[in-house]
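Q: Could you take a close look at whatever enclosed space there is inside this model, and then work outward from it? Please spell out the cut-offs as you go, since I'd like to know how each term is set.

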Amino acid sequence: MLKEKIEEALNKQIKIEAESSQIYLAMASWAETEGLGGTSQFLYKHSDEERMHMLKLVQYVNERGGKALIPQLSQPEKVYNSLPELFQTLLNHEIMVSGEINNLVDICLQEKDYTTHNFMQWYVAEQIEEEALARTIMDKLNMIGSDKGGLYLFDRDIEGISVNVEQGK
Ligand code: FEO
């Protein structure tokens, strides 16, 4: 049985993952309407990944005798001025998520819930990958600057980049 404090923290994380999925879906849709086909595909995949992160938590809470709360979500930003702005927002968001995951891990230790602590290690590893990827993308965009040819190649190549090596295990 999950302790109330742990259940609450996990439900908070469910909302964060659901919101991440929603934000990246809005980003994907914006990129699609801007003719950035590769970027939009990358972001659609990223959105799916976040939904999977949410699902994993929903199922864990329920399996452990808690009740997962499916949250109401706020409307994400609809318009971005540029790719660097979009990916900086994404990077900042992932940094925030990492902080929240770390807090959750900390609560697990305080509450001596070693099972949830163990479960959360997957998320800790995932955040390292996601942050690193977002930083690499920002480095590339900073290098490209406003070079149109560079941006064309960026959009073409990003479609092939996988958000995560490991799919939902
Ligand atoms: Fe599921 Fe990108 O945090």
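**The cavity and its surroundings**

A: By class, five nonpolar residues, one polar and one charged line the largest cavity. The nonpolar class is Ala, Val, Leu, Ile, Met, Phe, Trp, Tyr, Cys and Pro, the charged one is Asp, Glu, Lys and Arg, and the others, Gly among them, go down as polar. Before going on, note that this is a predicted model: local features need pLDDT of at least 70, side-chain atom pairs count only at pLDDT 80 or more, and totals for chains, interfaces and linings use all residues. Residues are numbered from 1 along each chain as its sequence is written, and side-chain values use heavy atoms, with hydrogens and water left out.

A cavity here is a set of points, on a 1 Å grid over the protein atoms alone, where a 1.4 Å probe fits but cannot get out; a lining residue has an atom within 4 Å of a point. Points are joined across faces, edges and corners, and the volume is the space filled by probe spheres set on them. That rule gives one cavity of 30 Å³ or more, and the largest cavity holds about 40 Å³ of space. Its lining is made up of Phe42, His46, Leu90, Glu130, Leu133, Ala134 and Ile137. Helix H2 (37–63) and helix H4 (114–144) are the elements that give two or more residues to that lining, and H4 gives the most, with four. Helices are DSSP runs of H or I with at least four residues, strands are runs of E with at least two, and both are numbered from the N terminus.

Leu90 is a good place to step out from the cavity. Leucine 90 sits in helix H3 and counts as buried because its relative accessible area is 3%, where buried means under 20%, exposed over 50%, and partly exposed in between (1.4 Å probe, protein chains only). Leaving out neighbours within four places in sequence, leucine 90 is in contact (heavy atoms within 4.5 Å) with Tyr24, Met27, Leu43, His46 and Ala134. So two of the lining residues, His46 and Ala134, turn up in both lists. Leucine 90 and serine 21 are 69 residues apart along the chain, yet their C-alpha atoms are separated by 11 Å.

Now follow H4 itself. Tyrosine 123 belongs to H4 and is buried because its relative accessible area is 1%. Not counting residues up to four places away in sequence, tyrosine 123 touches Glu17, His53, Lys56, Leu57 and Ile101. From tyrosine 123 to valine 97, 26 residues away along the chain, the C-alpha separation is 9.9 Å.

Histidine 117 is also in H4, and beyond its neighbours within four places in sequence it contacts Val105, Cys108 and Leu109. Histidine 117 and leucine 141 are 24 residues apart in sequence and 36 Å apart in space, C-alpha to C-alpha.

Just ahead of H4 comes lysine 112, in the loop between helix H3 (83–110) and H4. Lysine 112 isn't a glycine, but its phi is positive, about 55°. Most residues other than glycine have a negative phi. Lysine 112 counts as exposed because its relative accessibility is 58%.

For another exposed residue, look at helix H1 (residues 4–33), which holds glutamate 8. Glutamate 8 is exposed because its relative accessible area is 56%. Its C-alpha is 9.6 Å from that of lysine 67, with the two positions 59 residues apart along the chain.

Zooming out, the protein chain has five helices and zero strands, running α-α-α-α-α from the N terminus. Its radius of gyration, over C-alpha atoms, is 17 Å, close to the 15 Å that the globule rule gives for 169 residues, so the chain is as compact as a globular protein of that length. That rule is 2.2 Å times the number of residues to the power 0.38. The C-alpha atoms fill a box of roughly 55 × 25 × 25 Å along the principal axes.

Of the 169 residues, 47% count as buried. Among contacts with a separation of 6 or more, 80% come from residues 24 or more positions apart. The chain exposes about 9,100 Å², of which carbon and sulfur atoms supply 53%, with areas taken by the Shrake-Rupley method and a 1.4 Å probe.

How values were computed:
On a 1 Å grid over the protein atoms alone, a cavity is a set of points where a 1.4 Å probe fits but cannot get out, and a pocket is an open set with protein on both sides within 12 Å along at least five of seven lines; lining residues have an atom within 4 Å of a point.
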